[in-house]
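Colleague: I'm new to this one, so could you walk me through a single part of it in some detail? I'd like to look at the place where the two chains meet.

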Amino acid sequence: MFEQIYDHFNDIIAAILFVIGFSNLLFQKNLIKKIIGLNIMDVAIFLLLASQGYISGRLAPILTDGSENAATYINPIPSGLVLTGIVVSVSVTALMLSMTIRLYRKYKTLDLDEILMKVSEESKVEDSSDTIVKISDDKDGQEREGVK
Amino acid sequence: MDFVLNFPFFSIMICMLAALSTFMLGKRAAAVVAKAAVFITLILSIVLTVYLHECGESFVYMMGHFPAPWGNEIRAGELEGIMAVFTCVISLLSLTAGSASIRNEIDESKQNLYYLITCLMEASLLALIYTNDIFTGYVFIEINTIAGCGLIMIKNSGRAIASAIRYMVVSLVGSGLFLIGTTLMYSVTGHLLMENIHESVMGLVADGSYDVTLTVITALMTVGLSIKSGLFPFHLWIPDAYSRSVAPSSSMLSGMVSKGYIFLLIKIIYRVIGFDVYKASGVFNIIFIAGIAAMIMGSVSAIRSKYLRRMTAYSSVSQIGYIFMGIGIANDAGAVAAIFHIITHGLTKSLLFLAASSFTGKKEDIKISDLKGMGHKYPLSAATFTAAALSIVGFPLFAGFVAKMLLANASFTEGWKMYAAISAIAVSTILNVVYFFRCIINLYAYGGFDGKDENNGTLDLKSDTLIVTGYERAIHAVSISALAVLNICIGVAPKLLSDIITKGLNVFD
């Protein structure tokens with residue numbers, strides 16, 4: 001049993017990290033914590049992917065000491081895939097952060113539940129009032145932002 | 001080698017290059033470049049589909065200089081061709097019909113970026129359709145997600161961004177699950193190209209080894225892709241995302257973005273895991289039940305919603321349920337019906353959103369009770385909206401009828417699934433009638449409109465509605481009529497389309 005755990009140590013850690021990240025992404029209310037959860041989840045997948053290609057005791061496949069024997073090197077494809085995955089993860093994180101900044105500027109909070117509540121209140125106000133009231137509301141909002 | 005075989009690669013690259021160049025152009029030039037790129041892609045895809053229909057084969061196209069087990073590949077058959085034609089039609093007509101909404105509702109400095117996102121979306125969808133490599137599939141899923149997020153948040157209102165962030169969170173969970181599936185698949189088979197994976201999977205099944213792992217992979221990939229396409233338990237982001245963005249965005253998101261993932265799922269079922277292995281894992285039954293639940297629950301939510309675009313978005317949930325039910329029937333006829341419904345629903349739903357854009361005007365959404373008299377004010381929009389509604393309900397002579405008939409036919413040989421599928425289609429049709437006929441009756445009711453029509457067109461010039469030039473009005477009319485005519489053409493003569501899909505599916509493995 002311990003031997004099995006030792007053999008699959010990376011996979012087990014990856015699974016635990018994935019669950020941590022996944023539950024943070026879904027259940028955290030704070031947007032920044034959500035994004036951190038997303039990153040943990042991605043890292044867990046990359047750990048799983050990279051450890052698939054690693055063969056213990058072998059080298060990275062870079063020809064420096066001149067050995068062209070494939071048996072001395074690890075499998076480079078998963079490492080390449082991890083690089084691609086990191087690029088994807090970085091761009092998604094950047095996008096999420098930029099949206100968070102915009103939401104924070106507008107609603108002055110990072111709590112997604114609170115934001116969604118304010119959003120639904122906004123829709124209700126628009127329903128009940130006619131166009132003229134809406135325009136004056138907008139002006140108030142702009143002035144307030146200008147003062148701050 | 002025929003020159004036509006280069007076309008899949010060309011069409012992806014044309015859209016990519018157009019996306020890169022629109023970022024440097026002004027808004028007018030960007031609009032022209034984007035529409036031209038999508039139009040050229042449409043022509044290329046039509047030529048490719050005709051060519052493949054005549055020779056009845058599929059081909060594999062090597063990308064770069066590395067041969068099969070190592071390199072990256074594109075594969076095209078009739079099915080891929082017709083799907084490419086379909087996405088090009090939807091995005092081209094959404095852009096042309098939505099030009100007034102884009103000009104009015106998006107910041108002037110950001111309008112060229114809208115065309116960038118559209119081209120990127122088209123390129124990533126084409127790549128998802130054509131790719132023969134599962135990891136490339138993952139990368140383009142992510143590009144597709146980012147582009148979809150851009151389509152939602154381009155309006156720059158707090159509500160649009162909040163719905164975009166919800167969409168992102170749900171989609172990222174989906175793509176994370178898909179990536180784990182891909183990783184496990186690579187670790188048990190050692191390949192990334194679909195044919196090689198399929199061979200290895202066949203070997204593994206013959207040995208009887210890794211059967212639990214294969215089931216887990218199947219489940220992970222299916223759940224990941226169905227989260228991204230908005231199947232029933234994961235549909236909560238759909239109504240906000242579709243109803244709070246601009247009209248062309250909603251039309252593209254509902255018409256083709258969620259469909260790209262479903263097509264990839266069908267590709268994985270047939271070309272990667274293999275139909276028999278997939279069937280043995282029992283995941284088909286889960287898809288089937290989730291699809292039926294989506295059909296009923298989507299329609300119930302649509303009946304409960306008071307707003308036009310929100311209702312249309314909920315109707316998307318139920319139509320995606322139809323598609324998944326078709327896949328879940330688990331035979332070839334079911335898959336053909338599902339792909340047929342992908343196309344008909346795409347055409348119908350984008351028509352609904354684009355026609356609704358003349359009723360809502362600059363407002364985000366409109367109450368269904370406020371639709372009174374709109375049918376006399378905007379005769380063409382109302383007529384096409386009615387046509388699309390009839391198609392969704394499944395009225396004969398419209399494409400939706402054929403799709404529902406194919407779905408029902410496919411279920412006849414499948415025992416208990418027949419009863420479930422046919423009763424679900426019946427119940428869902430009645431619910432569809434309830435919510436769409438409420439709109440149609442309101443549209444043509446007298447009372448809201450005094451009968452003076454000073455504009456005589458599909459869109460008018462008042463301050464709370466869109467500011468529209470004559471050209472935009474004309475092109476809106478032409479685009480929505482084209483969608484309606486296409487819908488009726490498929491409804492009257494469905495043989496050609498279903499033949500192409502059947503033949504394409506036969507050469508799929």
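How much area do chain A and chain B bury between them, and what percentage of it is on carbon and sulfur atoms?

Modeller: Happy to. Keep in mind that this is a predicted model. Between them, chain A and chain B bury about 3,200 Å², and 79% of that is on carbon and sulfur atoms. As for who takes part, chain A brings 38 residues to the contact, while chain B brings 32 residues.

What about polar links across the contact? There are 0 salt bridges between chain A and chain B. Polar contact comes to 1 residue pair between the two chains, counting pairs with both residues at pLDDT 80 or more.

Now take the chain A side. Four helices of chain A each supply at least two of the residues that touch chain B: H2 (9-27), H3 (31-53), H4 (76-107) and H5 (112-128). Of these, H4(A) gives the most, with 15 residues. Sort that side of chain A by class and you get 25 nonpolar residues, 6 polar ones and 7 charged ones.

While you're looking at chain A, there's also a nonpolar patch on the surface, about 820 Å² in area. A:Met1, A:Phe2, A:Ile5, A:Phe9, A:Ile12, A:Ile13, A:Ile16 and A:Ile20 make it up. Helix H1 (2-7) and helix H2 of chain A are the elements that give two or more residues to this patch. The largest share, 5 residues, comes from H2(A), and A:Ile20 is a residue you'll find in that helix. So H2 of chain A turns up twice in this tour: it supplies at least two residues to the side that touches chain B, and it also contributes to the nonpolar patch.

Technical notes: Residues numbered from 1 in each chain as written. Chains lettered and ligands numbered in written order. Predicted model: local features only at pLDDT ≥ 70, side-chain atom pairs only at ≥ 80, totals over all residues. Heavy atoms only, no water. Contact = heavy atoms within 4.5 Å. Buried area = accessible area lost by both parts, 1.4 Å probe. Salt bridge = Lys/Arg side-chain N within 4 Å of Asp/Glu carboxyl O. Polar contact = N/O pair within 3.5 Å; in protein donor to acceptor, adjacent residues only side chain to side chain. Nonpolar A, V, L, I, M, F, W, Y, C, P; charged D, E, K, R; others polar. Patch = residues over 30% accessible without salt bridge, like charges linked within 9 Å, V, L, I, M, F, W, Y side chains within 5 Å. Areas by Shrake-Rupley, 256 points an atom, 1.4 Å probe, with all protein chains shown as cover.
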